[in-house]
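Open the model in your viewer and keep the sequence panel visible. The tour goes from one selection to the next and says what is found at each.

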Amino acid sequence: MNMFLGQKPDRQQMQALMRCKLPENEALLGIFRARLEETKTLLISAEGTRLARLQGRAEALTQFLEAVEKSPEMFELVK
């Protein structure tokens, strides 16, 4: 389950995620995508607790980006 969508998505939250897809927010999404790629690179050589923290970061970033992409279809479900 995606931590940003949950089992019963909230209408206002879906609207906020949809606004992330607006052209003026592309730079923000670019930051998240870049951080995800950096995190994936760091995961290659990470060990121990650092590995676990990086895995959590990668999961959160991935779920956020997926939630932004799925937000229009999820918004239709909560209308």
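In which helix is the place of Met 14? Select Met 14 in this predicted model: the residue belongs to helix H1. Is Met 14 buried or exposed? Its relative accessible area is 0%, so Met 14 is buried.

Now show the surroundings of Met 14. Leaving aside residues up to four places away in sequence, Met 14 touches Phe 4, Leu 5, Pro 9, Ser 71, Met 74, Phe 75 and Val 78. Add Leu 77 to the selection: 63 residues separate Met 14 from Leu 77 in sequence, while their C-alpha atoms are 10 Å apart in space.

Next, select residues 48-78, which form helix H3. Where does helix H3 bend? Go to Ser 71, where the helix bends by about 60°. A proline, Pro 72, follows within four residues. Ser 71 is also one of the residues that Met 14 touches.

Colour the buried residues of H3: Leu 54, Ala 58, Leu 61, Gln 63, Phe 64, Leu 65, Ala 67, Val 68, Ser 71, Met 74 and Phe 75. Which helices do these buried residues pack against? Display helix H1 (11-19) and helix H2 (26-43); the buried residues of H3 pack against both.

Stay in helix H3 and centre on Gln 63. Why does Gln 63 count as buried? Its relative accessibility is 9%, and the cut-off for buried is under 20%. Show side chains here: that of Gln 63 makes a polar contact with the side chain of Glu 59, at 2.5 Å.

Finish with the salt bridges. How many does a search of the whole structure find? The search finds four, and three of them can be visited as follows.

- Select Glu 26 and Arg 33, whose side chains meet in a salt bridge at 2.8 Å, N to O. Glu 26 is partly exposed at 40% relative accessible area, and Arg 33 is partly exposed at 34%.
- Select Glu 38 and Arg 35, joined by a salt bridge at 3.1 Å, N to O. They are three residues apart in helix H2, so about one helical turn separates them. Glu 38 is partly exposed at 42%, as is Arg 35 at 41%.
- Select Glu 37 and Lys 40, with a salt bridge at 3.7 Å, N to O. Both lie in helix H2, three residues or about one turn apart. Glu 37 counts as partly exposed at 44% relative accessibility, and Lys 40 is partly exposed at 42%.

Technical notes
Residues are numbered from 1 along each chain as its sequence is written. This is a predicted model: local features need pLDDT of at least 70, side-chain atom pairs count only at pLDDT 80 or more; totals for chains, interfaces and linings use all residues. Side-chain values use heavy atoms; hydrogens and water are left out. The bend at a residue is the angle between axes fitted to the seven residues ending there and the seven starting there. Helices (H or I, at least four residues) and strands (E, at least two) are DSSP runs, numbered from the N terminus. Buried means under 20% relative accessible area, exposed over 50%, partly exposed in between (1.4 Å probe, protein chains only). Contact means heavy atoms within 4.5 Å. A polar contact is a pair of N or O atoms within 3.5 Å; within protein, one must be able to donate a hydrogen and the other to accept it, and residues adjacent in sequence count only if both atoms are side-chain atoms.
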